[in-house]
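Trainee: I should like to take a close look at the side-chain contacts in this model. Would you please guide me through the charged pairs and the aromatic rings?

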Amino acid sequence: MSSTISNPQRNFQPGGYDSRNNTCTSGSFGTPKPDFGDSDEAELVSVSWNQDYSCFAAGTSHGFRIYNCEPFKETFRRKLKDGGFKIVEMLFRSNILALVGGGPNSQYPSNKVLIWDDHQSRCISEFSFRSEIHAVKLRRDLIVVVLEHKIYVYNFMDLRLLHQIENVANPRGLCCLSHHMNTSVLACPGIRRGEVRVEHFGLKMVQIISAHDSNIACMTLTLDGLLLATASTKGTLIRIFNTMDGTRLQEVRRGVDRADIYSIALSPNVQWLAVSSDKGTVHIFSLRVRVIREDSHSTEHESSSNSLQSLVSPATGVNPGSSLSFLRGVLPKYFSSEWSFAQFHVQEVTPFFAAFGAQNTIAIIGMDGSFYRCNFDPVNGGEMTQLEYKRFLKPDSCPR
């Protein structure tokens, strides 16, 4: 598999803009043309959080929209003549976005990434591939493009190709990055079923984790990349690993029946884990992990490891277990499982994606165009309280 980049002759700085940047080469992708018509009809194609979950992007059949979570409001929208985007990847709250075409009647191909500077309303670079792009992930220093069998990692400043990673078939586009500047960690499926490959770029170290027997369905990293949470296509168990040595630190149970896991989120203080699935319930679990830095000569993870230990508090609620858990090792593993601490119920008919907000709150966005903000009790757990509900796309504009 090869890739091409459209004529990058100058560096550019994510988070700001430079009038010297190159525009895209002309061609089938080209620079999107604004549509100044009055029609508001648009179908929702995709939703995705930014890196700190303070905003989310909605790709539509006619462009994209950006929303702020607290307080909830539409920040801006871009309506385009030539169709919409199946991938809209933000870079925190900056003016830089990565766009990949998709959705009804989109004229933008699904094998090209457009790096878009919204301050200048133009494309500043373009990546072309020979197969469909399944995901794009951004850091302030990296651009990561995920194909089904390969991942490309580029330097953000000069668009130089840094790494190529081969993996098992990855139609979900699974890949996640750390976002602390003192750590540079990437996690993706390995070359075998159920494996996760963790790249510690700063340490020049690779850790292969045998996470599940089935294929990986969902994964996420903590902001510093020290912890990894995974679920398989079976969807019953979520496991948390130390990415430095691959140790499994905790296992929690979403349920007994198979489920398609839509999202996994770890709270910034590493006390909580949230999971959403096609069963229509968002589950919150209490974490009881400790990460101790074993390599005293390693500087990349020093500050984040130490801070992680101090942030994990034993005073929070505990995940409930079976009343027969005292027979651990005698009865089947199911009876010793940790179950969810708090729950919130949504419709089962559409995918929902959960993330942590401030002060024990959860934000949930759905492919039916809905936004929820809920609160959970950190001591007693149970059913969450709905604080806010918004419809960011009208019901008749969303796919059925």
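Mentor: The account below treats the salt bridges and then the aromatic contacts. Please keep in mind that the model is predicted.

The structure holds 14 salt bridges, and several of them deserve individual attention. One joins Arg 139 to Asp 141, with 2.8 Å between the closest N and O atoms. Arg 139 has a relative accessible area of 2% and is therefore buried, since buried means under 20%. Its partner Asp 141, at 25%, is partly exposed.

Another salt bridge brings together the side chains of Glu 338 and Arg 288, at 2.4 Å from N to O. This pair links distant parts of the chain, the two residues being 50 residues apart. Glu 338 lies in the loop between helix H1 (302-311) and strand E25 (342-345), whereas Arg 288 lies in the loop between strand E24 (281-286) and H1. Glu 338 is buried, with a relative accessible area of 14%, while Arg 288 counts as partly exposed at 49%.

Salt bridges can also share partners, and in this way Arg 239, Arg 248 and Glu 251 are joined into one network. Within that network, the side chains of Arg 248 and Glu 251 meet at 3.6 Å, N to O. Arg 248 is partly exposed, at 43% relative accessibility; Glu 251, at 15%, counts as buried.

Let us turn to the rings. A search of the whole structure finds 22 aromatic pairs. In one of them, the ring centres of Phe 56 and Phe 392 are 5.0 Å apart and the planes stand at 65°, so the pair is edge-to-face. Phe 56 belongs to strand E3 (residues 55-60), and Phe 392 to the segment after strand E30 (385-391), 336 residues apart along the chain. Phe 56 is buried at 0% relative accessible area, and Phe 392 is buried at 6%.

A second arrangement is found in Phe 85 and Tyr 108, which form a stacked pair with 5.0 Å from centre to centre and 10° between the planes. Phe 85 is in strand E6 (residues 85-90), and Tyr 108 is in the loop between strand E7 (96-101) and strand E8 (112-117). Phe 85 is buried, with a relative accessible area of 0%, and Tyr 108 counts as buried at 5%.

Phe 56 and Phe 392 also take part in a cluster linked by ring pairs, together with Trp 49, Tyr 53, Tyr 67, Phe 72 and Phe 371. Finally, a charge and a ring meet where the charged end of Arg 140 sits over the ring of Phe 92, 3.8 Å from its centre.

How values were computed:
Residues are numbered from 1 along each chain as its sequence is written. This is a predicted model: local features need pLDDT of at least 70, side-chain atom pairs count only at pLDDT 80 or more; totals for chains, interfaces and linings use all residues. Side-chain values use heavy atoms; hydrogens and water are left out. A salt bridge is a side-chain nitrogen of Lys or Arg within 4 Å of a carboxyl oxygen of Asp or Glu. Buried means under 20% relative accessible area, exposed over 50%, partly exposed in between (1.4 Å probe, protein chains only). Helices (H or I, at least four residues) and strands (E, at least two) are DSSP runs, numbered from the N terminus. Rings of Phe, Tyr and Trp (its six-membered ring) pair if their centres lie within 6.5 Å; planes under 30 degrees apart count as stacked, over 60 as edge-to-face and the rest as tilted. A charge sits over a ring if NZ of Lys or CZ of Arg is within 6 Å of the ring centre and within 35 degrees of the ring normal.
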